[in-house]
Amino acid sequence: MLVAVLAVSCGGDGEGAGPDAAETLSPAPSEDAGDDGGQTTAPEQEDGVTSDDPEAFARADAAQRAGVDEAEVTVVTNEAVTWPDGSLGCPQPGQFYTQALVDGYRIVVEAGGQELHYHGQTGQPPAYCENPSEPAADDGGVVDR
């Protein structure tokens, strides 16, 4: 009976996937195309850029969002960080996140006169973050803004 309860509660068909489930989206074509207010991730873009290279993904996505050529995108920061929880520094209203430190990275690029932030978990694709928060401090605490 325990096996049946576990099988039902795990939901193998993806329904009821829980608050930590992430949706994979394509990069936004531009800022005018609508604002989802949150994260955008994509394993592969039409031009073949994959999330295996987070910096290349960030540059390509930022160029599309800012409406500039990718050669005009400058990487400001590309660093390993520890996020204070499963939101990866990009919490969304009404969502719940794993409350544990998460190893990851932060990429900040400048495109078209604006800074765009991309956050990720180590080994995972980056996500565009419209309203970024700071990573955990070196002592495991959260940095005040």
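Start with the whole chain in cartoon view: from one end of the sequence to the other, the pattern reads α-β-α-β-β-β-β. That gives two helices and five strands, taken as DSSP runs numbered from the N terminus (helices H or I, at least four residues; strands E, at least two). This is a predicted model, where local features need pLDDT of at least 70 and side-chain atom pairs count only at pLDDT 80 or more, while totals for chains, interfaces and linings use all residues. Residues are numbered from 1 along each chain as its sequence is written, and side-chain values use heavy atoms, leaving out hydrogens and water.

Next, select A62, V73, V109, A111, L116 and Y118. These have the most contacts inside the largest nonpolar core, which has 14 residues. Such a core is a set of buried Ala, Val, Leu, Ile, Met, Phe, Trp, Tyr and Cys residues joined through side-chain atoms within 4.5 Å; buried means under 20% relative accessible area, with a 1.4 Å probe and protein chains only. Colour α2 (54–66), β3 (102–111) and β4 (114–121), which each give two or more residues to this core. The largest share, five residues, comes from α2.

Now centre on L116. Beyond its neighbours within four places in sequence, L116 is in contact (heavy atoms within 4.5 Å) with A62, R65, I107, V108, V109, A111 and Y128.

Finally, show C90 and C129 as sticks. They form a disulfide (sulfur atoms within 2.5 Å), with the sulfurs 2.2 Å apart. C90 lies in the loop between β2 (74–83) and β3, and C129 in strand β5 (residues 127–129), so the pair ties together parts 39 residues apart in sequence. Both C90 and C129 are buried.

Note on methods. Buried < 20%, exposed > 50% of the residue type's maximum accessible area, 1.4 Å probe, protein only.
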